[in-house]
Amino acid sequence: MTAPRNPSLPPLALATPPSTSLSKYSPSLPFLRRPQFLTGEFAGDVGFDPLGLSSSSEKVLYYREAEIKHARLAMLAAAGWPLSELLDRPLTQQLDSSFNLSLSPALDATDRVPSVLNGGMLSDAISPIWWGVCLGAAAAVDLKGIQNARYSDAVDVNSGISSVNGEQQTYRPGDYNWDPLNLYPTDEEGQFRMQLAEIKHGRLGMLAITGFAVQEYVLGDGVVDETPGFFEPFNLF
């Protein structure tokens with residue numbers, strides 16, 4: 001989520017002033033040397049690349065674009081997963097009684113959300129229309145990301161500036177120029193803080209939904225049923 005670009009501000013990739021001297025060793029793995037192309041210009045870059053995947057500036061941009069997309073999706077999923085376990089059956093019953101429908105809850109008999117591991121993704125409760133909407137939305141976002149990434153063909157990762165049709169363009173992975181509530185700060189420090197918070201929460205979200213899926217597969221119960229204290233502290237549902 002970002003605000004419209006202000007030409008008076010520095011490139012968004014440089015939301016925090018770059019360090020004049022980088023450590024030779026990775027801040028996250030101090031016994032290993034810092035990867036050459038992880039120079040700290042992106043929020044959340046702590047020099048962690050034990051597999052050596054960031055072998056060029058282009059790959060750094062590509063992987064950050066993929067990471068931020070997965071991070072945002074994971075944050076939505078981490079919130080939606082337990083909410084669906086809490087609300088799916090009550091909402092289905094309410095819709096059935098109000099509109100004389102015969103809908104089936106998407107949860108299985110043990111209150112588990114449909115996932116790849118429990119086979120629920122292919123159940124009859126999931127409408128093909130839903131899959132079509134999901135695929136269409138994902139394709140639209142991906143196409144927009146590809147369009148944005150084209151501006152990075154001649155990008156200088158150390159400056160965040162590329163030249164397109166003779167004009168300078170700023171490029172930051174995940175920047176869709178979308179901030180309807182005008183929450184994105186205008187100062188460098190605030191921008192960096194917002195970017196750092198987003199990527200940290202996104203990484204935590206990716207771990208969370210992986211944990212949800214594994215937990216439900218291994219234990220056979222829904223996340224909410226396993227830890228009701230987190231999701232039903234006042235027994236509201």
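**Cavity, pocket and helix α1 in the predicted model**

Two helices, α1 (57-99) and α3 (188-219), each contribute at least two residues to the lining of the largest cavity. The structure is a predicted model, and a search through the whole of it finds one cavity of 30 Å³ or more. The volume of the largest cavity is about 90 Å³, and its lining is made up of F42, A43, R64, I68, R172, P173, Q195, E198 and I199. The greatest share of this lining comes from α3, which supplies three residues. Sorted by class, the residues around the largest cavity comprise five nonpolar, one polar and three charged residues.

The protein chain as a whole contains five helices and two strands, and these elements follow one another along the sequence in the pattern α-α-β-β-α-α-α. Of the 237 residues in the protein chain, 31% count as buried.

E198, one of the residues that line the largest cavity, is also joined through its side chain to that of R72 by a polar contact of 2.7 Å. R72 is located in helix α1, and its relative accessible area is 19%, so that it counts as buried, a class that requires a value under 20%. A43, likewise among the lining residues of the largest cavity, lies 9.6 Å from Q191, C-alpha to C-alpha, although the two residues are 148 positions apart in sequence. Q191 belongs to helix α3, and with a relative accessibility of 2% Q191 counts as buried.

Helix α1 departs from the span of a straight helix. Although α1 has 43 residues, its end C-alpha atoms are only 55 Å apart, which falls short of the 63 Å that a straight helix would reach at 1.5 Å a residue. Within α1, a kink of about 45° is found at L87, shortly before the proline P90. Just after the end of α1, N100 adopts a positive phi of about 55°.

Another residue of interest in this part of the sequence is L86, whose C-alpha atom lies 8.8 Å from that of E232, while the two residues are separated by 146 residues in sequence. E232 is placed in the segment that follows α5 (228-231). The relative accessibility of E232 is 25%, and E232 is therefore classed as partly exposed, since buried residues have values under 20% and exposed residues have values over 50%.

Helix α1 also takes part in the second largest pocket, to whose lining it gives the most, with four residues. About 490 Å³ of space lies in this second largest pocket. The pocket is lined by 19 residues, of which L38, F48, D49, E67 and R203 are the closest to its centre. By class, the lining of the second largest pocket consists of nine nonpolar, four polar and six charged residues.

Taken together, the two linings differ in the helix that gives the most to each, which is α3 for the largest cavity and α1 for the second largest pocket.

Conventions. Residues are numbered from 1 along each chain as its sequence is written. This is a predicted model: local features need pLDDT of at least 70, side-chain atom pairs count only at pLDDT 80 or more; totals for chains, interfaces and linings use all residues. Side-chain values use heavy atoms; hydrogens and water are left out. On a 1 Å grid over the protein atoms alone, a cavity is a set of points where a 1.4 Å probe fits but cannot get out, and a pocket is an open set with protein on both sides within 12 Å along at least five of seven lines; lining residues have an atom within 4 Å of a point. Grid points are joined across faces, edges and corners, and a volume is the space filled by probe spheres set on the points. Ala, Val, Leu, Ile, Met, Phe, Trp, Tyr, Cys and Pro count as nonpolar, Asp, Glu, Lys and Arg as charged, and the others, Gly among them, as polar. Buried means under 20% relative accessible area, exposed over 50%, partly exposed in between (1.4 Å probe, protein chains only). A polar contact is a pair of N or O atoms within 3.5 Å; within protein, one must be able to donate a hydrogen and the other to accept it, and residues adjacent in sequence count only if both atoms are side-chain atoms. The expected span of a helix is 1.5 Å times one less than its number of residues. The bend at a residue is the angle between axes fitted to the seven residues ending there and the seven starting there.
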